[in-house]
Amino acid sequence: MNTSTEAQQDSQATSAGKVKQSAAQAAEQLADKTERVASDAIHTAKTKADEEAVKRQTQMQTIVRKLGRAIDAGSASLERDGMPGTAGYVRAAARGFDRAADEVDSFNPQNVTSRVENFVRQKPLVAAGVLAAAGFAFATFLNTRSGK
């Protein structure tokens with residue numbers, strides 16, 4: 001009877017070992033898949049953020065250039081109205097807008113997303129707190145706008 005009991009215990013131990021090994025393999029596969037999915041999601045989010053930043057950058061540059069042109073047109077009108085001194089100041093302001101548009105053009109949005117990514121890696125709890133607060137503020141804003 002002892003031999004039978006020992007054989008049964010060995011069989012159970014072997015089965016338990018196999019279950020443990022299978023569980024460990026499944027956990028490792030799940031961890032690998034989770035890491036790949038998270039990495040893909042981060043890459044996609046970063047790419048979309050970069051694309052959106054470039055799009056907004058172009059829009060901002062266009063707005064600043066249009067403002068500069070409008071101000072410059074105003075300077076021509078001032079000059080025609082006999083105010084050349086004031087027209088010169090306004091023309092200088094228009095050149096300032098052109099320089100600002102050039103600065104917007106030289107801005108590299110990838111640097112911003114890289115800095116954000118590094119911050120999240122270095123301080124994940126702070127980043128999570130900031131995102132939670134931003135989410136709460138956004139939800140509150142949406143509720144206020146919808147009249148709830």
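# Exercises on a four-helix model

Val 126 has a relative accessibility of 43%, so it counts as partly exposed. The structure used in these exercises is a predicted model.

**Exercise 1.** Describe the secondary structure of the chain and the order of its elements.

Solution.
- Step 1: Count the elements. The chain has four helices and zero strands.
- Step 2: Read them from the N terminus on. The order is α-α-α-α.

**Exercise 2.** Classify Val 126 as buried, partly exposed or exposed, and state which element holds it.

Solution.
- Step 1: Locate the residue. Val 126 lies in helix α4.
- Step 2: Recall the cut-offs. Buried means under 20% relative accessible area, exposed means over 50%, and partly exposed is in between.
- Step 3: Apply them. Val 126 is partly exposed because its relative accessibility is 43%.

**Exercise 3.** Find which residues make the nonpolar surface patch, and which element gives the most to it.

Solution.
- Step 1: List the members. Val 116, Phe 119, Val 120, Val 126 and Val 130 form a patch of about 390 Å².
- Step 2: Assign the elements. Two or more residues of the patch come from each of α3 (109-122) and α4 (124-146).
- Step 3: Compare the shares. With three residues, α3 gives the most.

**Exercise 4.** Work out the surroundings of Ser 75, starting with whether Ser 75 is buried or exposed.

Solution.
- Step 1: Locate the residue. Ser 75 belongs to helix α1, which covers residues 2-80.
- Step 2: Check the accessibility. The relative accessible area of Ser 75 is 0%, so Ser 75 is buried.
- Step 3: Look for a polar partner. The backbone oxygen of Asp 72 is 2.6 Å from the side chain of Ser 75.
- Step 4: Look beyond the neighbours within four places in sequence. Ser 75 is then in contact with Ala 87, Val 90 and Arg 91.

**Exercise 5.** Classify Asp 98 and give the separation of its C-alpha atom from that of Gly 68.

Solution.
- Step 1: Asp 98 sits in helix α2, residues 84-106.
- Step 2: Asp 98 counts as partly exposed because its relative accessibility is 35%.
- Step 3: Asp 98 and Gly 68 are 30 residues apart along the chain, and their C-alpha atoms are separated by 6.1 Å.

**Exercise 6.** Summarise burial, surface and contacts for the chain.

Solution.
- Step 1: Of its 148 residues, 9% count as buried.
- Step 2: The accessible surface comes to about 11700 Å², and 59% of this surface belongs to carbon and sulfur atoms.
- Step 3: Take the contacts between residues at least 6 apart in sequence; 63% of them join residues at least 24 apart.

Notes:
Residues are numbered from 1 along each chain as its sequence is written. This is a predicted model: local features need pLDDT of at least 70, side-chain atom pairs count only at pLDDT 80 or more; totals for chains, interfaces and linings use all residues. Side-chain values use heavy atoms; hydrogens and water are left out. Patches are made of residues with over 30% relative accessible area and no salt bridge: like charges are joined within 9 Å, nonpolar side chains (Val, Leu, Ile, Met, Phe, Trp, Tyr) within 5 Å. Accessible areas come from the Shrake-Rupley method with a 1.4 Å probe; for residues, only the protein chains shown count as cover. A salt bridge is a side-chain nitrogen of Lys or Arg within 4 Å of a carboxyl oxygen of Asp or Glu. Buried means under 20% relative accessible area, exposed over 50%, partly exposed in between (1.4 Å probe, protein chains only). A polar contact is a pair of N or O atoms within 3.5 Å; within protein, one must be able to donate a hydrogen and the other to accept it, and residues adjacent in sequence count only if both atoms are side-chain atoms. Contact means heavy atoms within 4.5 Å.
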